[in-house]
Amino acid sequence: MSGELRIDQVVTSGVFTLDGGSWDVDNNVWLVGDDDEVLIVDAAHDAGRIAEAVGGRRVLGVVCTHGHNDHVTAAPELAERLDAPILLHPGDEPLWRMTHPEAAYRPLADDQRIPVAGTDLQVISTPGHSPGSVVLYLPEAGVLFSGDTLFSGGPGATGRSFSDFPTIIGSIRERILTLPAETGVHTGHGGGTTVGAEAPHLEEWIARGH
């Protein structure tokens with residue numbers, strides 16, 4: 001029997017680049033599984049540190065919440081080292097190719113279920129921060145992995161190429177804020193939040209704009 005479901009966090013540091021700019025960033029990498037098998041959510045920057053956190057567990061997949069370079073830098077290296085597929089929504093193909101012109105991935109689809117440790121990680125399409133952004137919902141644990149779609153204090157940035165503010169607002173309103181209020185939100189950067197903590201502020205975000 002597999003062990004108890006667990007979620008591990010690894011914070012890695014590197015550079016986000018887009019539209020000719022570069023920014024130093026810390027990224028949250030999430031490992032979802034048990035003592036035997038695991039999914040890696042967002043393979044950011046440092047394949048060695050992520051592989052160390054995986055340990056001897058079997059990696060079922062490297063799941064990308066979106067294609068920005070800071071979330072996928074280490075994905076091909078990890079996939080090769082750990083013999084695991086990369087999963088990405090094809091809407092982010094142009095962003096993926098900016099970082100990994102040759103590396104292959106398997107396409108993610110809305111409402112896809114990714115099995116791990118006796119449960120399923122549910123894919124929810126949430127375009128806006130990028131065309132192929134997804135969030136990953138784990139009902140059994142009451143947790144959502146939001147990538148860069150939702151943070152504590154508002155939506156992810158939409159001021160750069162391939163992003164759109166009205167689209168991300170629609171995604172958050174229709175796909176995230178409809179989840180149970182107690183759902184914990186594990187973000188792509190920084191600290192976490194809950195659906196219930198963010199829901200009352202939607203109109204403020206709209207008024208604020210991107």
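These legends go with close-up views of a predicted model.

Local features are described where pLDDT is at least 70, and side-chain atom pairs count only at pLDDT 80 or more, whereas totals for chains, interfaces and linings use all residues. Numbering starts from 1 along each chain as its sequence is written, and side-chain values use heavy atoms, with hydrogens and water left out.

**View 1. The largest nonpolar core holds 25 residues.** A nonpolar core here is a set of buried Ala, Val, Leu, Ile, Met, Phe, Trp, Tyr and Cys residues joined through side-chain atoms within 4.5 Å; buried means under 20% relative accessible area, with a 1.4 Å probe and protein chains only. V29, L31, I40, V62, L78, I86 and W96 have the most contacts inside this core. At least two of its residues come from each of strand 2 (21-33), strand 3 (37-41), helix 1 (47-54), strand 4 (58-63), helix 3 (75-82) and strand 5 (86-88). Helix 1 chips in the most, with four. Helices (H or I, at least four residues) and strands (E, at least two) are DSSP runs, numbered from the N terminus.

**View 2. Here is V29 with its contacts.** Contact means heavy atoms within 4.5 Å. Skipping neighbours within four places in sequence, V29 touches D8, Q9, V10, T12, I40, V41, D42, A44 and I50. Apart from the core of View 1 sits another one, of 17 residues, including A117, L138, V143 and F145.

**View 3. Helix 1 has its buried residues on the same side.** A47, I50, A51 and V54 are the buried ones. They sit on the same side of helix 1 because they cover an arc of only 100 degrees around the axis, taken from the directions from the helix axis to the C-beta atoms. Their cover includes strand 1 (6-18), strand 2, strand 3, strand 4 and helix 3.

**View 4. Both ends of helix 1 are worth a look.** At the N-terminal end, D46 acts as the cap, with a side-chain oxygen 3.2 Å from the backbone nitrogen of G48. Just past the helix, G55 adopts a positive phi of about 70 degrees.

**View 5. Strand 2 forms hairpins with strand 1 and strand 3.** Strands pair if DSSP finds at least two bridges between them. Strands 1 and 2 are antiparallel, with 13 bridges, and T12 faces N27 of strand 2. Two residues separate these strands, and D19 in the turn has a positive phi of about 55 degrees. Strands 2 and 3 also run antiparallel, joined by four bridges; G33 is opposite V38 of strand 3, and three residues lie between the two strands.

Conventions. Buried < 20%, exposed > 50% of the residue type's maximum accessible area, 1.4 Å probe, protein only. Polar contact = N/O pair within 3.5 Å; in protein donor to acceptor, adjacent residues only side chain to side chain.
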